[in-house]
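Me: I would like a close look at one part of this model, with the reasoning spelled out. Please keep the answer in one piece.

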Amino acid sequence: MAKRTRKTSKPTATQVVERKALALDAPNTPVPLMSDTQRLRLERRSVLDRITSNGTISACVMILAAVAAIICANTGAYEAIHEFLMRPVSIGIAGWEFTLNVELFVNDFLMAIFFLLVGTELKYEMTVGQLRRPRQAMLPMLAAVGGVIVPASIYAFVNREGAIYGWAIPMATDIAFALGVLSLLGDRVPPAIKVFFSTLAIADDLLAIVAIALFYGQTPDFFWLAASAGVTLLLVALNLRKHFRLAPYLALGLVLWFCLFQSGVHATLAGVILAFTIPARSDIDASGLVEWLHDKLPELDDSFDDEMHILGQHDFTHAVSGVERVMHRVTPPLQRLEHAISTPVNFIILPIFAFVNAQVRLVGVEPATLLFDPVAIGTYFGMLLGKPIGIVGMTFILVKTHLADLPRDVHWKHVIGVGILGGIGFTMSILISGLAFTEIPAELLASKTAILAGSISAAVLGLLYMHFACGHKKASA
């Protein structure tokens, strides 16, 4: 069929592609090819993306879920909720059956997805972020070590003759919650402080993951450990063979989770292992992408007929589909996965975890008994005092011995504020307390109460301190 002569008022295929790209980059920019309804949809999607990527909002949702849990736990709804959480869920295939209750499903399976997100963030930082420069990352990473040792030591000292196995409870910093609190100060916080705190919190989480793996599993089953190692080797082989589709990784990740669950090692570690095996590179040569697109546009122009319905333009739609497939593969699998799970993790999984695990029932509990419980004292002061002492103390030693320097625009008053905010340990701390006190409800109650009190205290004190330490945002010239 002969190519039709285009009128100057009609757009070419090249202009179609360019204008669609403009619409995606700037949804609020009027584009003649889009209807008002389409523009409104793009604007709503843009607003939704800004909401779901806001750390403050996600932290508030998790806090509201925890508050709702505490309220429900101290009303007549507690028994019904507890019964539901203990309800068994069974999965059967060909006579084989696998059973776990709702609470275990949340803490072991859903939290494995949370650890998968943490693992993607760790791998990102180790690939292109702060953790790829050892000297730059050394100070916040070693400060995180101090922020682990001192809180654990305070807890262990207070509980030296009792429940010492909960020593790891006050050592963890909640990344989402702490950074959400810090973001309330807006642009007054220098970027260098956010980078320092983010690196510290990531290193802190890594140490908490190691503690869970080494000290809070059950007696290991070596058959299932060997099976887990075999699945991990398959994941590594996929990576080495440069397989860039996510589906095989996720399928093997489910198998790895099951093997770890059966092995006695905490199954949430499957998320971290899976994240580190997913490719962080693109299978498209980005350096030649622009040239390839430039060469592709004439083909789109030649196959485009502006007077024919789009359903009838098979050559054009086939060429466009080819471009779409290539553009989809430009984004590395690790980044695609992070984009896919970050919103469900922050707005569904973590609030569910908070609701399930913040069931602190104080009805009939003597306040003085809870207040002076060694577990509560060790946890609370480990978080509120141990964190700032450990973080600031280790930073001071490293700087004064000239092993490291404070980042530019970061001063000692900021390090103190980071230390206080490091005491926010909600998610990881509650997870560890559940692992440490599986058979002792009284100590579990004391630890959860102290975690909630310590996290709130650290958030309020840290926010007030940083409000004055960072001063007011300088007016632009």
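Is Cys60 buried, partly exposed or exposed, and what is the relative accessibility? After that, please go on to the packing of α14 and α18.

Reply: The model is a predicted one. Cys60 has a relative accessibility of 39%, and because that falls between the 20% and 50% cut-offs, Cys60 counts as partly exposed. Cys259 has a relative accessible area of 5%, which is under 20%, so Cys259 is buried. A disulfide is a covalent bond between the sulfur atoms of two cysteines. With a cut-off of 2.5 Å between cysteine sulfur atoms, the count of disulfides is zero.

Now the helix pair. Two packed helices are described by the angle between their axes and the distance between the axes. Helix α14 covers residues 333-357 and helix α18 covers residues 426-436; they pack at an angle of about 45°, and their axes are 11 Å apart. That angle makes α14 oblique to α18, because it is neither under 35 degrees nor within the range of 65 to 115, and it is not over 145. The crossing of the two helices, α14 and α18, is left-handed.

On the α14 side, the residues in contact are Leu350, Phe353, Ala354 and Asn357. They meet Phe426, Thr427, Ile430 and Leu431 of α18. Sorted by class, this contact has six nonpolar residues, two polar ones and no charged ones.

The α18 side can also be described by its burial. Nine of the eleven residues in α18 are buried, so the helix is mostly covered. The buried residues of α18 include Phe426, Thr427, Ile430 and Leu431, each of which also appears in the contact with α14. Also buried in α18 are Met428, Ser429, Ile432, Ser433 and Ala436.

The loop between α16 (374-400) and α17 (412-421) holds His402, and Asp409 lies in the loop between α16 and α17 as well. Most residues other than glycine have a negative phi. His402, however, has a positive phi near 60° and is not a glycine. Asp409, also not a glycine, has a positive phi of about 75°. As for accessibility, His402 is at 67%, which is over 50%, so His402 counts as exposed. Asp409 has a relative accessible area of 49%, which is not over 50%, and therefore Asp409 is partly exposed.

How values were computed:
Residues numbered from 1 in each chain as written. Predicted model: local features only at pLDDT ≥ 70, side-chain atom pairs only at ≥ 80, totals over all residues. Heavy atoms only, no water. Axes fitted to C-alpha atoms, helices over the stretch in contact; angles between N-to-C directions. Helix = DSSP H or I, 4+ residues; strand = E, 2+ residues; numbered from the N terminus. Left-handed = near helix turned anticlockwise from the far one by under 90°. Contact = heavy atoms within 4.5 Å. Nonpolar A, V, L, I, M, F, W, Y, C, P; charged D, E, K, R; others polar. Buried < 20%, exposed > 50% of the residue type's maximum accessible area, 1.4 Å probe, protein only.
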